[in-house]
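Reader: I should like to learn how the features of a structure are read. May we take them in turn?

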Amino acid sequence: MIDKPLVFVGKIIADFTHEINNHLALIKESAGLISDICKGKKSIDKKEMPYVVESLEAIENQIQKSVNFIGYFNRFAHRMDNLKSSFKLSSTVEELFELLKRYSSRKKVSLKYDIPESLPDLENSPFLLEFAIFYAIDSFLKKSKPDTNITVTAKGENGFVKLTVKYEGDFTESINQEIWQISTIQEILSLTNIKITSNDKVVNIEIPV
Amino acid sequence: MKKAKVLIIDDEQELVTALTERLNLRGYDASGVVSLSEAINFIKQIPDVIILDIGLQDTDGLEVLKRIKEINPSIQVIMLSGYGDTERINKSLQSGAFDYLIKPVDIEDLVSKIDSAKLKKEESI
Amino acid sequence: MFNPLKQVLSKLTEERYFNLKFRLILLNTFFAIIPLGIVITITYLWIYQIVHDDFRNNLKWQMEETRHSIEFFISERISALRFVSSSYPEEYFTDEKKFHRLFSDFKREFEGIVDIGVINSKGIQTLYIGPYQLTGRDYSQAEWFKDMAMRTVYVTDVFLGYRKIPHFSIVIKKELSSKDFRLLRVSINMDILQKLLSNLEIESQDDIFLVNRDKILQTNSKLFGNALEPLKLKVTIEDDTNHIKIYEYDIDRKQAYLAYGTIKNTPWILVALIRSEPYEKIPSFFTREVTMISIFSIALIFFVITTSINTLVNRVQKADYEREIAIANAEHADKLASIGRLAAGVAHEINNPLAIINEKAGLMKDLIEYGDITQNKEKFLQLIGSIQDSVVRCRTITHRLLSFSRKIDKTTEQFQLNEAIQEVIGFIVKEIEAKSINVTYDFQDNLPKITTDKGQLQQVLLNIINNAVDAVDMGGKIEIKTELIDNNRIRILIKDNGPGIPKERLKHIFEPFYTTKKKGTGLGLYISYGIIKKLGGDIKVSSEVDKGTTFSIEMPINFETERSK
């Protein structure tokens, strides 16, 4: 029962490290460029100075991006601390989307979300909720065609927050990855009072407030 | 106004030297140390502002903060912290830290915090 | 990972709970039936007693009645004969005509008289009226005649006499002078006694008869011979008792009652043998009813107990199951939380080299802005080198994280135990350094690679080392030792010099929900214990207050082969 969430965590960590490695590669390139400019000369040519500054700014930018990204990852990692805590739906969706960007862009699917800030705080397992949303997105991405959309919307409705994950586009015929059974996910979510249902291109997740 | 006398305490030598140099370039009287024993000597010279890493390896940054405040409460301390260490940030603010910054820091933010910390120190005397 | 656990759990529990149910139902039913049994037995004995007493009283009463009627019959005739003998003028006993009239009157009044005779003191029947020719018959040698010397009234045993018909005689003596006497004798057929006996209500198996004191039957017995035959029943009969005596008597291994009583003024004893067991009728009725009620009660008791125990045990089973699931879930939650912590910690580490890169790049920009660039070429190269070093540092961290992510959902793998322990220490190096803890290693170099669930083993080690870190004071000591026990097992010892654990706490240390920490869920060591057991290992703890605690973990070198055994 825990293996599916572990796969999810493993995927997030793997994607995260790849992303950070990309950032590092960029930093390395920029540093390499400066190094190239400096090497073999007595002093740096004034004409080349803008390239140096540009590269240094690129490094600083990259660092900022990395730090932000690490921030999201950190937040995500701490979601596993407790099976119950108080959290904002928008912040969990935000970090999940940041961490899944790499996965979706590889599939050329754009992820969008629209979560009203006015929704009440939830008292639940943020990790398992993210897992549920991940399941929905993952099940679509595994059979998606390029240039399609996945949107997540949410609304409050008599004591529940209803989250809808919708795929806009066609499914491909050639699926080469195992798509998890919704029943497995439902069983895992039975640890909480989160309900999940799916039909073709829509997954609905219901969280009691 | 005379620029502040700044002490940077962080166990990353590379970071300390870079920051010290950058502050010196901006006209501050900055020095940096990587260990507590070194820091003691500098603290005796009573700097205006100390920039202190919250996650020091040999000692807990919080303990260092408390000791600095014991030695001279007028010294203003700006904590450096990693992301998400909210618990220790809050504790250090309660223990008398002037402010905090998340690593990696933006130099302009740091400079402005040092200036206001110096102002506060002068007011307090 | 969860499903096999579930299966083992359900298999184990089903058998365990079935046994529990079975035992509880049996025990409860047994103890519920005991009082029922006692009540039934007591009631049965009580009713048995009542019925038997009632039967004996009834028998006694009937015997008294019968005895009374015989006594009355005899005494009536004796009185009448006495009266006749003493008050009638003497000529009535010498003149045949008058004697005849007397006999006719007498016979009319008293039933059963067959004949009458007068016998003189020499034993000669001087007068006789009856169906036989017995006038002049000499009785001087008859027993009864001889007895009459001493008596005035005599009721004889039943005898055949000259007539060859069982009968008895009543003889009345009248003294005529000092030496002369006359006897008046009437004969009565035995039939009349038989008739009197038949007044007693008896069943066909029962028997009632008269015997004399020599146990010669005086009337016909159904079972023990005809009149004048000796009684074919071994029985001691006490003489001359006024009361009816009732004995229990076994006949053909069947319980019977023997009742007897002597009949006044006669040589007879009235004997009744009751074999029909009329008292059995009520107990058998009782038995039938009670059996029905008992069976119904037992069925009801069984049903109620079975249903309630079933519900109870099912509830217990459900609660146990939920608890196990909760623990399993807690275990999972624990695992997730530790993964999260590790991931967050590692990611956090990247921030340091990134900060350095940031400052170096910033410094370079500063140098361009504030300083003389042309003079700073060397410095630039140095700073760029530093940036590149930091990038490398970042990469080692991300590399670690990546390999961690790959291992997350794998189970067993082959690895160097010593390295795995170092990795664990790497995860909590910050905490260790924060408390200036001195961690020493005493690793055996030539340990073979161990095959097991690395993640889970590391989780346990992390848990125990973390506990040690929490336990020791600032500057404390933790010693980690590995050694080969034999070809199949490795031991890991984790020793701290913390405050130790008192004995009474030590024995609960691996129990669920036990904790000494204020914040802990208490699941740590319980789960650690479960994990090590699951991996075929063993975990022990020894501790001495003020000296420290030592955890000893024994692990099979190859969990897979160990398991397949």
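Reader: How much area does chain A expose, and what share of it do carbon and sulfur atoms supply?

Author: Accessible areas come from the Shrake-Rupley method with a 1.4 Å probe, and for residues only the protein chains shown count as cover. Chain A exposes about 9300 Å², and 48% of this comes from carbon and sulfur atoms. This is a predicted model, in which local features need pLDDT of at least 70, side-chain atom pairs count only at pLDDT 80 or more, and totals for chains, interfaces and linings use all residues; side-chain values use heavy atoms, without hydrogens and water. Residues are numbered from 1 along each chain as its sequence is written, while chains are lettered from A and ligands numbered from 1 in the order in which they are written.

Reader: What percentage of the residues of chain A count as buried?

Author: A residue is buried under 20% relative accessible area, exposed over 50%, and partly exposed in between (1.4 Å probe, protein chains only). In chain A, 53% of the 209 residues count as buried.

Reader: Which elements make up chain A, and why is the chain described as more spread out than a compact globule?

Author: Helices (H or I, at least four residues) and strands (E, at least two) are DSSP runs, numbered from the N terminus. Chain A has 5 helices and 7 strands. Its radius of gyration is 21 Å, well over the 17 Å given by the globule rule for 209 residues, so chain A is more spread out than a compact globule. That radius is taken over C-alpha atoms, and the rule is 2.2 Å times the number of residues to the power 0.38. Along the principal axes, the C-alpha atoms of chain A fill a box of roughly 70 × 40 × 30 Å.

Reader: How many residues of chain C are in contact with chain A?

Author: Contact means heavy atoms within 4.5 Å. By this criterion, 44 residues of chain C touch 50 residues of chain A. Buried area is the accessible area (1.4 Å probe) that two parts lose on being put together, summed over both. Between chain C and chain A it is about 4100 Å², with 77% from carbon and sulfur atoms. Leu336(C), Lys365(C) and Lys377(C) supply 14% of the area that chain C buries against chain A, more than any other three residues.

Reader: In what order do the strands of the chain B sheet lie?

Author: Strands of a sheet pair through backbone hydrogen bonds, either parallel or antiparallel. Two strands pair if DSSP finds at least two bridges between them. In chain B, 5 strands form an open sheet in the order 2-1-3-4-5, with parallel pairing. Strand 2 (29-33) and strand 5 (99-102) of chain B are the edge strands, each pairing on one side only.
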